[in-house]
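Biologist: Hello! I am new to this one, so could you walk me through it step by step?

Modeller: Gladly; here it is, and please ask whatever comes to mind.

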Amino acid sequence: MPSLHSTPTLNGRFRSPLPRPPRFWRFFPRGSVRSRIKPLSVTYGLGISDHDYEGQLVTAEFDSFYLLSGYVPNSGDGLRRLMYRISQWDPSLGNYIKNLKS
């Protein structure tokens, strides 16, 4: 099940590597999920406005698993954003994933 993120396209058009069209195909504002099975639900972001502005996350819920497609903020030149990443973003993503399990 492909999960596409920041995928460059030719002339703004995406050519599918899959041999036939899927039943469910959707581009989301900051990423996409492609599946032959329609997800039970789709959510965007972590639900924390600062993090959702910095990073990009799409969560698709299926019968027996969750598929996360995301862009995690990088640490920047000279690792100037490393503390934000390890003290705020990473723990928030970890808590988000733990809550999906429950």
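Biologist: Which residue in strand 5 does Ser41 stand opposite?

Modeller: Keep in mind as we go that this is a predicted model. Strand 4, residues 41–44, pairs with strand 5, residues 56–61, in the antiparallel sense over four bridges. In that pairing, the residue in strand 5 that stands opposite Ser41 is Glu61.

Biologist: Strand 5 and strand 6 also pair, so over how many bridges?

Modeller: A hairpin of four residues joins strand 5 to strand 6. Val58 stands opposite Ser69 in strand 6. These two strands run in the antiparallel sense, and strand 6 covers residues 66–71. The number of bridges between them is six.

Biologist: What pattern does the protein chain follow along the sequence?

Modeller: The protein chain has two helices and six strands. Read from start to end, their order is β-β-β-β-α-β-β-α.

Biologist: Is Ser35 buried or exposed?

Modeller: Ser35 belongs to strand 3, which spans residues 31–35. A residue is called buried when its relative accessible area is under 20%. Ser35 has a relative accessible area of 4%, so the word for Ser35 is buried.

Biologist: How far apart in space are Ser35 and Ala60?

Modeller: Along the sequence, Ser35 and Ala60 are 25 residues apart. In space, C-alpha to C-alpha, the distance between Ser35 and Ala60 is 9.9 Å.

Biologist: What share of the 102 residues of the protein chain counts as buried?

Modeller: We can look at the surface before the interior. The accessible surface of the protein chain comes to about 7,300 Å², and 52% of that belongs to carbon and sulfur atoms. As for the residues that count as buried, their share of the 102 is 29%.

Biologist: Which residues form a nonpolar patch on the surface?

Modeller: Leu82, one of its members, is found in helix 2. Leu82 counts as partly exposed because its relative accessibility is 30%. The patch has about 380 Å² of accessible area in total, and its residues are Leu79, Leu82, Met83 and Ile86.

Biologist: Which element has the lowest mean pLDDT?

Modeller: The protein chain averages a pLDDT of 76, and 69% of the residues score at least 70. Among the elements, helix 2, residues 82–101, has the highest mean, 92. The lowest mean, 50, belongs to residues 24–28, which form strand 2.

How values were computed. Residues are numbered from 1 along each chain as its sequence is written. This is a predicted model: local features need pLDDT of at least 70, side-chain atom pairs count only at pLDDT 80 or more; totals for chains, interfaces and linings use all residues. Side-chain values use heavy atoms; hydrogens and water are left out. pLDDT is the predictor's confidence in each residue, from 0 to 100. Two strands pair if DSSP finds at least two bridges between them. Buried means under 20% relative accessible area, exposed over 50%, partly exposed in between (1.4 Å probe, protein chains only). Accessible areas come from the Shrake-Rupley method with a 1.4 Å probe; for residues, only the protein chains shown count as cover. Patches are made of residues with over 30% relative accessible area and no salt bridge: like charges are joined within 9 Å, nonpolar side chains (Val, Leu, Ile, Met, Phe, Trp, Tyr) within 5 Å. A salt bridge is a side-chain nitrogen of Lys or Arg within 4 Å of a carboxyl oxygen of Asp or Glu.
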